[in-house]
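Open the structure in your viewer and get ready to click along. We will go from one selection to the next and see what is there.

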Amino acid sequence: MFTFHDVIHPHAPRPGVHVVLGTPLDLPADEGHEVVFLAAGCFWGVEKVFWETEGVVATATGYMGGTTPHPTYEQVCTGTTGHAETVRVVYDTGVTDAARIISTFFEIHDPTQGDRQGNDVGSQYRSAIWTTTPEQLGTALATRDAYAEEIAARGFGPITTEVGPAELAGPFWQAEDHHQGYLWKHPNGYQCHARTGIACPVLPPRTPA
């Protein structure tokens, strides 16, 4: 099984634990845990959804899918680094699974909008799933296809979500301290809610064909 070693921005503060979950932001995917990387628009609201999701034991905001090393938030927001605002999600496989995590991911944003979510415009807001196991990858691809059929029947366009192995997306660069647990620190802070309003199926575990 592929093991992904996160790369942390070397010049940014590295807080010890999540302000809500109390677990290390860089909690490893040891026995009983899996990691998946999810980009669904502004990472503040995405992270909050997942720290509140049953079975999730650690979350961290960061940048992934780009080419510029050691990106800062300001650099990523220019759209020139190639990174997407991403949330690293660690979940307990004894409580939940990739199918339920990925179904939640599709329901919390509109995956047809391309390089935007609502009023947030730019490649840093694109939709992506970067996986760390073959089962995650197969489940993500199958769920994307199934959800595409569901929303197409309601008049939505094609899903633009990028799906692929994490090692092909490049390092996950942990975001600066003030972006970690942002909506706990700022309860009335900005959240993007560009959603389809359509339920996403939870599929049986899959592996790539």
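How many of the nine residues of helix H1 (residues 43-51) are buried? Select the helix and have a look before reading on. In this predicted model, eight of the nine residues of H1 are buried, so the helix counts as mostly covered by the definition of buried as under 20% relative accessible area. To highlight them, pick Phe-43, Trp-44, Gly-45, Val-46, Glu-47, Val-49, Phe-50 and Trp-51.

Next, show what lies over those residues. The cover includes the strands E1, E2 and E3 (84-92). It also includes helix H2 (73-77), helix H3 (98-107) and helix H6 (182-185).

**Step back to the whole chain**

Zoom out and colour by secondary structure. The protein chain contains six helices and eight strands. Following the sequence, you will meet them in the pattern β-α-β-α-β-α-β-β-β-α-β-α-β-α. The C-alpha atoms fit in a box of roughly 45 × 40 × 35 Å along the principal axes. What radius of gyration does the protein chain have? The value is 16 Å, which agrees with the figure near 17 Å for a compact globule of 209 residues.

Among the 209 residues, 53% count as buried. Now think about contacts between residues with a separation of 6 or more: 80% of them join residues 24 or more positions apart. Switch on the surface, too. The accessible area is about 9000 Å², and carbon and sulfur atoms provide 53% of it. If you colour by charge, look for 11 positive and 24 negative side chains; the centres of these two sets are 4 Å apart.

**Find the sheet**

Hide the helices for a moment. Six strands make an open sheet with mixed pairing, in the order E7-E6-E1-E3-E2-E8. At its edges are strand E7 (162-165) and strand E8 (173-174), each of which pairs on one side only.

**Stop at strand E1**

Select residues 33-40, which make up strand E1. Why is E1 largely enclosed by the rest of the structure? Eight of its eight residues are buried, so the strand has the rest of the structure around it. Turn it to compare its two faces: His-33, Val-35, Phe-37 and Ala-39 lie on one side, while Glu-34, Val-36, Leu-38 and Ala-40 lie on the other.

E1 pairs with E3 in the antiparallel sense over six bridges. One pair to label is Val-35 with its bridge partner Val-90 in E3. E1 is also joined to E6 by four bridges, again antiparallel. Here you can label Ala-39 opposite Ala-128, and Ala-40 with its bridge partner Ser-127.

**Move on to strand E6**

Now select residues 127-131, strand E6, where five of the five residues are buried. Which residues point which way from E6? Ser-127, Ile-129 and Thr-131 point one way, and Ala-128 and Trp-130 point the other way. Four bridges connect E6 to E7, and these two strands run parallel. Look for Thr-131 opposite Pro-165 in E7.

**Finish at the other edge**

Last, select strand E2 (residues 56-64), which runs antiparallel to E8 and is joined to it by two bridges. Label Tyr-63 and you will find Trp-173 of E8 opposite.

Conventions. Residues numbered from 1 in each chain as written. Predicted model: local features only at pLDDT ≥ 70, side-chain atom pairs only at ≥ 80, totals over all residues. Heavy atoms only, no water. Rg over C-alpha atoms; globule rule 2.2 N^0.38 Å. Buried < 20%, exposed > 50% of the residue type's maximum accessible area, 1.4 Å probe, protein only. Contact = heavy atoms within 4.5 Å. Areas by Shrake-Rupley, 256 points an atom, 1.4 Å probe, with all protein chains shown as cover. Lys, Arg positive; Asp, Glu negative; His and termini not counted. Charge placed at Lys NZ, Arg CZ, Asp CG, Glu CD. Pairing = 2+ DSSP bridges.
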